[in-house]
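Here's a quick briefing for anyone meeting this structure for the first time. Take a look at it below, then read on for the main points.

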Amino acid sequence: MTGVSYVTNDRGKATAVLVPLKKWDKVQHSLEKLKILEDLKNGFKQMDQHAKGKLKTPTTAQLLAQL
């Protein structure tokens, strides 16, 4: 990745990374999208487990109580 700088200790081991803010914002955005996709995937798995009777489906009152 161009523009990225590595900070090293006196032994030459990388200890930190400097990333330009514009690139960091893109990384953060990508991570947010991945999190959303992972949450959707988990939600569909839970729906499938509910449909198969492997998970107890909460009542509307139980769902509202979680808000």
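Let's start on the surface: L21, W24, V27, L31, L34, I36, L37, L40, F44 and M47 make a nonpolar patch of about 1,000 Å². Keep in mind that this is a predicted model. Besides the patch, the structure holds two salt bridges.

**The nonpolar patch**
- One of the patch residues, L21, sits in helix α1, which covers residues 21-51.
- L21 counts as exposed because its relative accessibility is 65%, and the cut-off for that label is over 50%.

**Salt bridge K35–D39**
- K35 and D39 pair up through their side chains in a salt bridge, with 2.7 Å from N to O.
- Both belong to helix α1 and are four residues apart, so about one helical turn separates K35 from D39.
- K35 is partly exposed, as its relative accessibility is 49%.
- D39 is partly exposed too, with a relative accessible area of 40%.

**Salt bridge D48–K52**
- The other pairing to look for joins D48 and K52, whose closest N and O atoms are 3.2 Å apart.
- D48 has a relative accessible area of 38%, so it is partly exposed.
- K52 counts as exposed, because its relative accessibility comes to 53%.

**Why such pairs form**
- Side chains of opposite charge can pair when their charged atoms come close.

Technical notes:
Residues are numbered from 1 along each chain as its sequence is written. This is a predicted model: local features need pLDDT of at least 70, side-chain atom pairs count only at pLDDT 80 or more; totals for chains, interfaces and linings use all residues. Side-chain values use heavy atoms; hydrogens and water are left out. Patches are made of residues with over 30% relative accessible area and no salt bridge: like charges are joined within 9 Å, nonpolar side chains (Val, Leu, Ile, Met, Phe, Trp, Tyr) within 5 Å. Accessible areas come from the Shrake-Rupley method with a 1.4 Å probe; for residues, only the protein chains shown count as cover. A salt bridge is a side-chain nitrogen of Lys or Arg within 4 Å of a carboxyl oxygen of Asp or Glu. Helices (H or I, at least four residues) and strands (E, at least two) are DSSP runs, numbered from the N terminus. Buried means under 20% relative accessible area, exposed over 50%, partly exposed in between (1.4 Å probe, protein chains only).
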